[in-house]
Amino acid sequence: MTEQALLVLTALTEGPRHGYAIVQNVDALSEGRTRLRVGTLYGVLDRLVAEGLAEPDRDEVHQGRLRRYYRITEPGVRALTAEVARLDATVRAASAALRARETG
């Protein structure tokens with residue numbers, strides 16, 4: 001799973017969001033390290049929908065503009081949970097290696 005996909009799925013865990021809200025949440029989650037452009041966001045969303053990890057929730061018109069909301073699916077929650085566990089194990093292994101290097 002790419003970091004962008006992980007962040008988009010994470011943004012959707014709190015509930016359905018439209019594109020701009022996802023972009024803002026990803027920016028906050030990554031502390032500004034990942035800034036999704038619109039084309040990138042919808043490419044990621046298209047892949048997540050195709051893989052069954054996210055799905056469209058509803059469309060709303062806000063100030064004359066159409067907003068499509070997306071939500072995470074149960075397979076998306078399981079995939080995100082597995083990815084977090086994988087990354088956590090990787091960080092623990094890297095931290096242990098660094099500690100071993102420091103202690104010689």
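Trainee: Which pattern does the protein chain follow, read along the sequence?

Mentor: This is a predicted model, and we can begin with its secondary structure, which comes to four helices and three strands in the protein chain. Placed in order along the sequence, these elements give the pattern α-β-α-α-β-β-α.

Trainee: What radius of gyration does the protein chain have, set beside a compact globule of 104 residues?

Mentor: Consider the outline before the number: the C-alpha atoms of the protein chain fill a box of roughly 65 × 25 × 20 Å, taken along the principal axes. For a compact globule of 104 residues one would expect a radius of gyration near 13 Å, but the protein chain has a value of 17 Å.

Trainee: How many of the residues of the protein chain, as a percentage, count as buried?

Mentor: The accessible surface of the protein chain comes to about 6,900 Å², and carbon and sulfur atoms account for 51% of that surface. To count as buried, a residue must have under 20% relative accessible area. Of the 104 residues, the share that counts as buried is 30%.

Trainee: Which element gives the largest share of the largest nonpolar core?

Mentor: In soluble globular proteins, nonpolar side chains tend to be buried together. Here the largest nonpolar core has 19 residues, and those with the most contacts inside it are V8, L12, I22, V26 and L48. Two or more residues of this core come from each of α1 (3–12), α2 (19–29), α3 (38–50) and β3 (65–72). The largest share, seven residues, comes from α1.

Trainee: Is T34 buried or exposed?

Mentor: T34 has its place in the loop between α2 and α3. Leaving aside residues up to four places away in sequence, T34 touches E3, Q4, L7, V26 and D27, and V26 in turn touches L7, V8, A11, T34 and L36. Because the relative accessible area of T34 is 10% and the cut-off is under 20%, T34 counts as buried.

Trainee: Which residue lies over the face of Y69?

Mentor: For a charge to sit over a ring, CZ of Arg must be within 6 Å of the ring centre, and also within 35 degrees of the ring normal. At 4.0 Å from the ring centre, the residue lying over the face of Y69 is R58.

Trainee: What does the count of aromatic pairs come to?

Mentor: Here the rule concerns two rings, whose centres must lie within 6.5 Å for them to pair. By this rule the number of aromatic pairs is zero.

Technical notes:
Residues numbered from 1 in each chain as written. Predicted model: local features only at pLDDT ≥ 70, side-chain atom pairs only at ≥ 80, totals over all residues. Heavy atoms only, no water. Phe/Tyr/Trp six-rings, centres within 6.5 Å; stacked < 30°, edge-to-face > 60°. Core = buried A, V, L, I, M, F, W, Y, C linked by side-chain atoms within 4.5 Å. Buried < 20%, exposed > 50% of the residue type's maximum accessible area, 1.4 Å probe, protein only. Contact = heavy atoms within 4.5 Å. Rg over C-alpha atoms; globule rule 2.2 N^0.38 Å. Areas by Shrake-Rupley, 256 points an atom, 1.4 Å probe, with all protein chains shown as cover.
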